[in-house]
Structure formats: C-alpha cells, structure tokens
Amino acid sequence: MKRLILFGLDFVAFFTILFVTVSVRRLEIDGWTYFNNCKIFLFVFFLTSFVLWLFSFYDFKALRKRTISYKTLAIAWTACVLLSSSFFYFLSGYGLPLLTPKAILVAVLTLYFAYIYWVRRSYFNLNFVKVNLLLFGESKTLDELRRECKISRGFTVCEGGLVPQADTKYPYKNLDWVVFSSKLFKEHPQAWPVIVEKFIARGVYVDTDFNVYERLFRRVSRESIGDEMWLLRGIGARREDAMYNMLKRCMDFAAAVCLLPFCAVAGVFIYGMIKLIDKEEPLFTQKRTGLLGKTITLYKFRTIKSKGQESDKEQITRTGKYWRRFRLDEIPQLINVLKGDISLVGPRPIWTSEFEFLNQHIPNHAVRSVVKPGITGWAQLNFKAPITYVNFRHKTPEAFEPNAFDGAFTRFSYDVWYIQNRSFLLDLEIIIKTGIRMFIKDSHVA
C-alpha cells in the first residue's frame with residue numbers, strides 16, 4: 001500500500017514538473033499538441049518508474065537505511081535519459097509534434113530526479129510512514145526485531161509487557177501490528193481470550209514474531225530456523241506448482257542457449273588472460289551440493305590460486321578480482337544450467353564437505369537443498385558471502401568463536417525465505433537486479 005501511495009505521489013510530481021517546465025519556457029503550443037505530448041510523457045514516466053524500481057528507489061528497507069547514493073542516482077538518471085531520448089527520436093520519425101525533446105526531456109528528468117532524491121532522503125523522517133508495533137513476550141526474534149527497527153528508524157516500537165492484561169488500556173490509534181512471541185500461547189494459554197477481546201475483536205492485525213520478522217525484512221529469523229513446526233508450515237505445507245517448475249526450467253534453458261554465443265567470446269578472452277597472466281589452469285571443477293543433497297560438478301574460471309582452492313584464506317589471482325567483480329568467473333556454469341544441475345536462480349551451491357559440516361552446526365540446514373541451487377540467489381542480493389567453512393571441520397567445537405557461524409546463519413535465513421516465497425516474478429526480479437549489481441558495487445548489502 002505504501003509503495004502505491006509513493007508511486008501516486010511520484011506520478012503527480014512528474015506531471016507537475018512537466019507543466020511547470022513547459023510554462024517556464026513559454027512554448028506557444030495548442031492544447032491538443034500538449035495533450036498528445038502528455039500521453040507520450042506518460043510512457044517516459046512508467047519507464048522511469050521501472051528504472052527506479054530496478055535501482056531500489058521503491059525498496060523501503062534501503063530507504064530506511066539511507067542507502068541511496070549519488071552514484072546510483074546518476075546511473076539511473078543516465079539510463080532514463082538515454083532510453084527516453086531513443087523513444088522520442090523514434091517517434092519523431094513519424095512526424096509527431098514533440099516538445100523539443102532535447103531541452104524539455106532533460107529538464108523534466110533532472111528536476112524529477114531532484115524530487116526523487118529529496119523525497120527518498122526524507123522518507124525515514126516522515127511520521128506517517130512509520131510502522132507502529134506493539135510487542136508482547138520475550139524471545140530472541142523479538143530482540144532481533146527491536147534491534148532491526150532501531151537501525152531502520154522506520155518503526156515505532158511499544159512494549160506491551162510479558163502478557164496482555166484485561167484491565168490495561170493499549171494505544172490503538174495508528175497501531176499497525178500487535179506482535180506476540182511464538183511461545184506465548186504455550187507458556188501463557190490464559191492470554192488468548194484477552195488477545196481476542198483487546199485486539200482481534202477491534203480489527204487490529206495480530207501475528208507472531210516469526211511471521212512479522214519475515215514480512216518486514218524478507219528473511220527468516222535465526223530463532224525460527226530451529227523451529228521444525230514453523231518450517232513445516234512454511235515449506236512442507238507449500239504445494240509445488242508444476243507450472244512454475246516448467247516455466248523456470250524453460251527460462252533456464254532458453255537463457256543459457258541465448259547467452260552462450262556471447263559468453264563464449266568473453267570466455268575465450270578470459271581463458272587467455274588467466275593462462276597468460278596468472279599462469280594457472282583457467283578452468284577447474286568443484287564438488288558442490290545440488291538438489292536433495294546430490295553431489296554435482298560445478299565449472300568455474302579460476303580466480304584463486306590452486307593451493308588456496310579450499311582455504312578460508314584464499315589467495316586471489318592477479319586477474320581474479322576483475323572476474324569476480326563482474327561475476328565473469330561464473331560463465332562456465334551455463335553448462336551446468338543446460339545440464340540441469342543448477343538453475344539461474346536458487347540458493348548458491350556450497351562445497352559438499354562444507355554442506356555436511358554446516359548441517360551439524362546449523363539446525364535444519366539441509367532444508368536449503370530441497371530446491372535446485374542457482375548461479376545467483378536471494379541471499380547473494382542481500383548479503384555478502386560469508387567465509388568458507390571448509391577448514392572449520394578440522395577444529396574442535398571448543399575452538400569456535402561464539403559468532404563463528406553468524407554469516408552462515410544469515411545466508412541460510414535468506415535462502416529459507418526464498419524457498420518459502422519462490423515464484424516466477426521473484427526469480428525475474430533477482431535476475432534483473434543481479435544484472436544491475438554487476439556494474440554497481442553492493443553498497444547496501446549487509
């Protein structure tokens with residue numbers, strides 16, 4: 001709903017800017033010509049909105065954390081100007097009366113992007129966009145919620161106490177969510193009648209900490225990972241969509257076939273550079289965990305020295321940092337996509353030995369293998385890859401730091417969210433944003 005309101009404000013602002021710009025230039029045009037150009041600029045607005053969505057200007061999580069940079073804004077503006085100019089000049093070939101696109105288009109987009117920057121920078125300070133939460137109970141997930149809400153500054157958190165009381169008056173005005181600990185009803189069954197009377201009967205949205213955390217942050221909480229019943233409801237109760245699986249396989253195969261001719265040219269160049277400069281064997285294989293825990297052979301261009309291939313202290317080759325920066329070392333994995341070993345989108349396949357090791361230290365970690373792994377995934381868009389845990393298997397449990405597995409837990413939390421919510425549109429969003437991320441540094445990735 002909030003995205004729709006923001007989109008509506010952007011629509012009004014865009015055409016207000018168009019009207020003001022035309023008025024300032026005092027163009028002598030008739031009303032019919034102006035109306036026709038408004039229809040043309042309507043396409044420009046939707047094109048610009050699509051670009052802004054791709055660059056996370058409608059991502060409330062990013063906006064709350066002030067992650068909109070000048071560089072991102074400049075790239076988005078340039079893309080809009082180039083695409084819109086191409087569209088205008090295409091129409092001019094048909095003799096349509098246009099409002100001198102060079103001047104008007106650039107002026108409108110410049111002023112509109114100035115508005116976008118101001119509104120997005122001001123977003124988290126506006127009271128009407130804050131989410132108001134009332135929390136009850138005690139849990140690690142509620143602690144995570146409090147911490148994340150404090151960082152994001154887009155939330156107002158009120159503490160309701162351990163258990164709701166029948167004789168207590170609660171702040172119903174502007175209350176968006178009442179959040180309870182998932183263990184509250186088990187520990188305090190007498191709380192249910194009070195919740196019904198105080199909140200449900202009044203139409204207030206009530207949910208558990210696990211579900212609210214997942215909806216707000218698009219990942220699952222660390223505590224919920226260890227709750228088998230919650231995982232069963234979220235993953236086991238999901239009906240497999242045959243149409244989705246068919247579309248995804250068709251998309252994987254078609255994309256791999258279309259990309260192979262272009263990637264083959266780049267692949268030959270990369271192969272030669274690695275051979276010439278790094279003095280290493282350019283192609284190598286790795287044993288990774290695939291669908292349902294099966295071992296697959298993954299193909300990659302070499303970016304680390306041979307001796308550091310399974311080390312948590314990897315030695316990057318001279319050219320390796322460039323291939324990794326633009327994900328070019330993943331090109332040979334198109335062969336794996338054609339073979340059906342992996343998909344374009346899915347949890348990243350990890351080392352077989354690492355997978356077995358993490359299964360022993362992270363509850364229900366094997367769940368990530370219930371879907372086919374992918375070249376890119378939801379975790380890769382939102383979280384930088386953690387260290388490699390291959391060498392950890394040689395250590396005793398007493399040698400582990402208290403937060404040794406934090407990175408693996410966070411990656412797994414995003415993987416579980418993807419498994420629960422996977423769809424064709426989500427896969428398409430991940431592919432598009434991965435393409436953008438190849439050219440823009442992952443500045444907002446935690």
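This briefing describes a helix and its cover, a nonpolar surface patch, and two backbone positions. The structure is a predicted model. Helix H15 spans residues 352–361 and contains several buried residues. A nonpolar patch of about 560 Å² lies on the surface. Arg-218 has a positive phi although it is not a glycine, and the same description applies to Leu-292.

**Helix H15 and its cover**
- The buried residues of helix H15 are Thr-352, Glu-354, Phe-355, Phe-357 and Leu-358.
- Among the elements that cover these buried residues are strand S5 (283–289), strand S6 (295–301) and helix H17 (406–421).

**Nonpolar surface patch**
- Met-243, Met-246, Leu-247, Phe-424, Leu-425 and Leu-428 make up the patch.
- Helix H12 (242–278) and helix H18 (424–437) are the elements that each contribute two or more residues to the patch.
- Phe-424, one of the patch residues, is located in helix H18.
- Phe-424 counts as partly exposed because its relative accessibility is 31%, a value between the limits of 20% and 50%.

**Positive phi at non-glycine residues**
- Arg-218 has a phi of about 55° and sits in the loop between helix H9 (209–217) and helix H10 (222–225).
- The relative accessible area of Arg-218 is 30%, so Arg-218 is partly exposed.
- Leu-292 has a phi of about 55° and is placed in the loop between S5 and S6.
- Leu-292 counts as exposed because its relative accessibility is 59%, and exposed requires over 50%.
- The strands that flank the loop of Leu-292, S5 and S6, are also among the elements that cover the buried residues of H15.

Methods
Residues numbered from 1 in each chain as written. Predicted model: local features only at pLDDT ≥ 70, side-chain atom pairs only at ≥ 80, totals over all residues. Heavy atoms only, no water. Buried < 20%, exposed > 50% of the residue type's maximum accessible area, 1.4 Å probe, protein only. Helix = DSSP H or I, 4+ residues; strand = E, 2+ residues; numbered from the N terminus. Contact = heavy atoms within 4.5 Å. Patch = residues over 30% accessible without salt bridge, like charges linked within 9 Å, V, L, I, M, F, W, Y side chains within 5 Å. Areas by Shrake-Rupley, 256 points an atom, 1.4 Å probe, with all protein chains shown as cover. Salt bridge = Lys/Arg side-chain N within 4 Å of Asp/Glu carboxyl O.
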